[in-house]
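Reader: Hello! I would love a close look at a single part of this model, taken slowly and with its surroundings.

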Amino acid sequence: MSDKVRIGVIGVGQIGKRHLENYANVRAAEIVAVADLNETEARRVADLHKIPHVYTDFRKLLERDDIQAVDVALHNNLHMPVSCAAMRAGKNVYCEKPMAGAYIDAKTMMDTAAETGRKLSIQLFSLFSMETRLARKLIAADLLGTLYHARSYGYRRRGRPFVDGYASAPFVQKATAAGGALYDMGVYHIAQVLYLLGLPTPKRISGQVYQEMDMDPRRREVSGFDVEELGTGYVKFEGGLTLDIIESWSIHMNPFEGSFIAGSKGGLRLSPLSFHSQCCDAAMDSTFDLKEAKFRWSQLYDTEDAYDSAQHHWVAALQNRVPLEPTAEAALLTMLLSEGVYLSHQLGREVTPEEVEQHSVSTAITL
């Protein structure tokens with residue numbers, strides 16, 4: 001194995017702490033420094049994880065020539081300026097989802113990666129689940145035939161950040177988060193389905209977003225809650241493929257039917273993973289032993305550990321042990337569809353990807 005990958009983490013809030021905990025399980029990662037505006041918290045977290053260097057200005061961290069990559073764990077509207085600054089400073093970037101607060105900002109990140117030759121990866125753990133990995137193998141083996149429709153699904157009955165009792169108010173404010181349920185949890189589910197569909201090219205997008213349910217009056221007042229609690233959408237892709245989306249932070253309803261992919265030969269439900277087809281003129285429903293598959297793959301393939309998590313994969317890709325999965329491409333396409341839903345809601349009609357890009361306005365905040 002190559003030498004350890006030396007990483008700096010920018011942001012030690014709720015997400016940054018989670019990333020640091022995950023890196024503790026990635027033997028090839030070495031966290032060299034952290035940066036956060038809150039120096040007291042940054043030093044406390046650094047001491048906890050035995051990280052030697054602490055900065056209050058992320059630019060000072062970027063000046064270090066002994067760091068190969070940075071992990072951007074900030075609020076959504078900070079992703080683009082910090083990530084682009086890091087790539088222009090010669091660092092590879094792993095960024096928390098969603099890719100940015102606006103499609104135009106996410107595209108700027110992708111363009112900057114291309115211009116600088118830096119690796120860019122977005123935290124999409126759903127792409128590395130055993131369900132996703134086996135589903136991809138089943139699709140590649142043509143067990144589904146021609147793919148023609150899919151559903152992206154996410155459900156919480158009452159799980160809005162802050163107003164329902166967890167996380168902080170910036171999670172529900174456009175000024176910092178840019179979006180609600182679609183940007184928070186929907187990105188995982190939409191990106192997972194798009195990845196399995198082979199990142200198809202969209203032609204038309206329609207959708208609607210809602211904020212209808214009651215919330216605690218005091219929390220409503222102090223939260224500044226101005227994002228959606230429920231997002232729905234419908235996408236038509238080139239070649240006739242379609243996708244419907246429903247993502248709920250909060251709804252008076254039992255759990256929905258889960259994400260699925262339908263093909264001419266068979267269909268897949270993604271959680272728990274199951275395969276549906278027919279055999280001898282009889283309907284057939286099949287399940288999988290994912291633990292057994294993971295054990296077998298671990299014994300057979302030297303790079304299996306590179307897919308244990310999104311961060312395991314990121315570090316392995318930096319070591320050139322495996323090709324980098326297209327997390328940034330999946331995240332960018334997810335941003336396009338999500339912003340397409342918002343624009344369709346605003347205009348009251350179906351929209352094109354070109355219109356989304358034309359209407360997209362940067363939400364970036366520069367530190």
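In which sense do strand 7 and strand 11 pair, and over how many bridges?

Author: Happy to walk you through that part; do keep in mind that this is a predicted model. Strand 7 and strand 11 pair in the antiparallel sense, with four bridges between them. Leu147 is placed opposite Gly263 of strand 11.

Now follow the chain onward. A hairpin of three residues leads from strand 11 into strand 12, and these two strands run antiparallel, joined by three bridges. Here Ala262 faces Gly267 of strand 12. Gly267 also has a bridge partner in strand 13, namely His276. Strand 12 (residues 267-270) and strand 13 (residues 273-279) are antiparallel as well, linked by four bridges.

Stepping back, these strands belong to an open sheet of eight with mixed pairing, in the order 8-9-10-7-11-12-13-14. Strand 8 (202-210) and strand 14 (282-287) are at the edges with a single partner strand each, so one side of each has no neighbour in the sheet. On average, neighbouring strands are turned by 10° against each other, direction ignored.

Two helices complete the view. Helix 6 (residues 130-140) packs on the sheet, touching strand 7, strand 11, strand 12 and strand 13, and its direction makes about 170° with that of strand 12. Helix 7 (residues 181-196) lies across six strands, strand 7 and strand 11 among them, and runs at about 150° to strand 10.

Back in strand 11, both faces are covered: Phe260 and Ala262 are buried on one side, Ile261 and Gly263 on the other.

Conventions
Residues are numbered from 1 along each chain as its sequence is written. This is a predicted model: local features need pLDDT of at least 70, side-chain atom pairs count only at pLDDT 80 or more; totals for chains, interfaces and linings use all residues. Side-chain values use heavy atoms; hydrogens and water are left out. Two strands pair if DSSP finds at least two bridges between them. Axes are lines fitted to C-alpha atoms, for helices over the stretch in contact, and angles run from 0 to 180 degrees between N-to-C directions. Contact means heavy atoms within 4.5 Å. Buried means under 20% relative accessible area, exposed over 50%, partly exposed in between (1.4 Å probe, protein chains only).
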